[in-house]
Amino acid sequence: MEKEFKAIYGQAMSIVTHKPSQYAKNITLRYPMKSTFKGDKVRICLDNFTGKEGVVFDSVTIGRVISGRDLDPTSIVDITFNGSKGLHLDVGEQCYSDPLDFKVHEQETIAISFYLKEFTHLRCGVYTQGPLSTGYFGEGDFSHAGIMDHASSMKTPWVFFLSEVALLTDAKNQVITCYGDSITSQDWPDYLQKLMWENNKKVSVVRKAVSGTRILRQYSCIQYEAYGLKGDYRFGHEMHVAGSDTLIILQGINDIIHPVGVEKNEFRPWQDLPSSQELIEGLRKYVKHAKSLGMKVYIGTLIPIEGWRTYAYFRENLRNEVNEWIRTTDEIDGVIDFDKDICDGHKMQDAFDSGDHLHPSDEGYAQMAKTAYNKMSME
């Protein structure tokens, strides 16, 4: 059986929300993930893509999850980088670990832990949300501890530095990368993964999404710094997902809804508002890049925004023009029509609306996952 490394977990690495206190010391970060595949070796990637300072990882380990944040202590093994148990990442650097002999069973939950002893600038990471997206941090060194003391540890939705976990597994196993903004950094990719499991599909769903991101623009102020890098900078970095042969893109709505004019917000000028053709050209760049990597490319239609605080007819027209191109172009392998399946006229169906008229509810995200699953299953 031919084998290769396939990602079972992945996150975009972007700029963490700016706070007056941005440093941590003497903490352990632990990230569990349930494996779609069985595998013989594990390889991870640590990434300081958006960092402004170097990061020292004093120890990095893997273990088998018993429950929540707690591991079987007999299963914990050190992960090495170029033969060393520690790692220093300079500004902008990423590093893949040495392949580690560590058998993982299908549907088994494992966890990556790393200990940051000295003051560390927590700038490189991403906020995630969903039923499969939980992390933990604790005061002290728990990197080799099975039980992560509950009195000195807690959940966090932020994933810092850990951009990928991959297994050496059957080369026939499939990896889908979901790329986008807040709608994709939230629940629907997790629900899509659950549907794959429920239907016994050997498919791993990897999320590469950052809230607030746009295709064509990025902010230069700390107020919106966490809205991340524009597509030209970010897309290529995020596309190197081990074994991924399929890409789902859902992005562009922030390019449409953000600009309001400097009289309302000095950082959101009208000149940032693109034409539909500019947005389409941005998507075409994504498609061309992904195709050069040998990936199949699907684009999701932009979902309804009627009722959102910056809603206007000209924004609706832009959304519709982009969606029309997505639905009719022959430049991609297929369209995933999220808009059609959660829309009621020109707005989101009430049951699928979280209440802000932009982000779906849990039911809405579950429907988006069904839409994507049905399209993937037909191919």
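1. Let's start with the annotated domain. The UniProt record, an unreviewed entry, places an "SGNH hydrolase-type esterase" domain at residues 178-366. Keep in mind as you look around that this is a predicted model. Over residues 178-366 the chain is 38% helix and 15% strand, and the C-alpha atoms at the two ends of that stretch sit 15 Å apart.

2. Now zoom out to the whole chain. The domain assignment gives domain 1 at 3-166 and domain 2 at 173-378. If you take the C-alpha centre of each, domain 1 and domain 2 lie 26 Å apart.

3. How many residues of domain 1 are in contact with domain 2? The count is 39 residues of domain 1, touching 33 residues of domain 2. As background, people often describe the size of an interface by the accessible area lost when the parts come together. Here, the area buried between domain 1 and domain 2 is about 2800 Å², and carbon and sulfur atoms give 56% of that.

4. Next, the polar side of things. Across the interface of domain 1 and domain 2 there are 18 residue pairs in polar contact. Two salt bridges are also counted between the domains. One salt bridge to find on screen joins Glu 225 and Arg 123, whose closest N and O atoms are 3.0 Å apart.

5. Which elements give two or more residues to the side of domain 1 that touches domain 2? They are strand 1 (3-10), strand 2 (14-15), strand 5 (39-47), strand 11 (94-96), strand 15 (124-127) and strand 19 (162-170). Strand 1 gives the largest share, seven residues. Sorted by class, this side of domain 1 has 16 nonpolar, 14 polar and nine charged residues.

6. Last, charge pairs in the model overall. Side chains of opposite charge can pair when their charged atoms come close. The total count comes to 20 salt bridges. Have a look at Asp 40 and Lys 3, which form a salt bridge with closest N and O atoms 2.0 Å apart. This pair links distant parts of the chain: Asp 40 is in strand 5 and Lys 3 is in strand 1, 37 residues apart.

Definitions and conventions: Residues are numbered from 1 along each chain as its sequence is written. This is a predicted model: local features need pLDDT of at least 70, side-chain atom pairs count only at pLDDT 80 or more; totals for chains, interfaces and linings use all residues. Side-chain values use heavy atoms; hydrogens and water are left out. UniProt positions are given in the numbering used here, feature names are shortened, and annotations may be inferred rather than shown by experiment. Helices (H or I, at least four residues) and strands (E, at least two) are DSSP runs, numbered from the N terminus. Domain bounds come from an automatic or database domain assignment. Contact means heavy atoms within 4.5 Å. Buried area is the accessible area (1.4 Å probe) that two parts lose on being put together, summed over both. A salt bridge is a side-chain nitrogen of Lys or Arg within 4 Å of a carboxyl oxygen of Asp or Glu. A polar contact is a pair of N or O atoms within 3.5 Å; within protein, one must be able to donate a hydrogen and the other to accept it, and residues adjacent in sequence count only if both atoms are side-chain atoms. Ala, Val, Leu, Ile, Met, Phe, Trp, Tyr, Cys and Pro count as nonpolar, Asp, Glu, Lys and Arg as charged, and the others, Gly among them, as polar.
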